[in-house]
Amino acid sequence: MLPADFKLRTDFPKGEQARVTQNILEACQQFRGLSYPDGFSNIHDYLFKRLTIVPYTDEVKEIERTRRWKLTADELLKVGTIVDTKYCNDVVNLFLSMAKGLGFDAKLAKVFSKDGEDDKIKVHSLAIVESPDLDERYLINIGSKDKYWIKPLPKDQELKFGAELPNNWFIWKVDLDQWSMGLNDSSQEHSTIVADANKFFNK
């Protein structure tokens with residue numbers, strides 16, 4: 001899960017979580033020259049080959065809870081593990097840093113939806129990637145191993161709270177990364193995002 005000498009940080013500067021580092025740039029090298037947006041699927045496949053998925057068991061539950069939302073993209077690349085069913089934001093942040101390393105504008109979309117079967121609020125992380133040269137913008141479900149998808153996102157669509165996105169997702173916030181949203185602890189999911197989503201659906 002975490003190397004024995006690894007220390008979780010206690011400061012969470014805005015924009016730092018998905019910052020482009022030398023390690024990230026080296027990981028990007030093999031993807032230069034690919035055609036985009038189709039090439040994003042190659043990055044998706046690379047991420048899930050590079051990162052080992054650890055089963056979410058009682059033995060790892062507490063470690064997962066303490067590290068969730070606290071790793072930078074660079075740190076995740078070094079640690080090399082993600083926890084089953086709990087990894088979407090980790091993977092999205094790593095993708096965002098790689099997309100920026102390849103010259104794209106990339107942001108995190110923290111989104112929510114309501115499950116029709118049990119009325120439960122679901123929270124997820126998606127990537128929004130924009131090409132300055134091609135004047136195109138895409139919404140990408142990069143943080144799911146088996147359900148990757150990419151959809152065009154109109155450039156004139158406002159990315160504000162409650163705006164509806166493809167596949168029945170609604171925006172909570174869009175920013176550089178979760179730390180820029182003020183999120184750095186897993187307990188905040190219910191106290192902020194789920195609470196706001198419930199107000200949205202019950203208005």
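Here is a short chat about the fold and the inner space of this predicted model.

Q: Hi! What should I know about the model and its numbering before we start?
A: It is a predicted model, where local features need pLDDT of at least 70, side-chain atom pairs count only at pLDDT 80 or more, and totals for chains, interfaces and linings use all residues. Residues are numbered from 1 along each chain as its sequence is written, and side-chain values use heavy atoms, with hydrogens and water left out.

Q: Cool. How many helices and strands are there?
A: The protein chain has six helices and eight strands, taken as DSSP runs (helices H or I, at least four residues; strands E, at least two) numbered from the N terminus.

Q: And how many residues are buried?
A: Buried residues make up 49% of the 203 residues in the protein chain; buried means under 20% relative accessible area with a 1.4 Å probe, protein chains only.

Q: New topic: how many cavities of 30 Å³ or more turn up?
A: The search of the whole structure finds one. A cavity is a set of points on a 1 Å grid over the protein atoms alone where a 1.4 Å probe fits but cannot get out, and lining residues have an atom within 4 Å of a point.

Q: How much space lies in the largest cavity?
A: About 50 Å³, with volume being the space filled by probe spheres set on the points, which are joined across faces, edges and corners.

Q: Which residues line it?
A: Among them are Tyr36, Phe40, Phe104, Glu130 and Tyr138.

Q: Which element gives the most to that lining?
A: That is β4, with three residues.

Technical notes. On a 1 Å grid over the protein atoms alone, a cavity is a set of points where a 1.4 Å probe fits but cannot get out, and a pocket is an open set with protein on both sides within 12 Å along at least five of seven lines; lining residues have an atom within 4 Å of a point. Buried means under 20% relative accessible area, exposed over 50%, partly exposed in between (1.4 Å probe, protein chains only).
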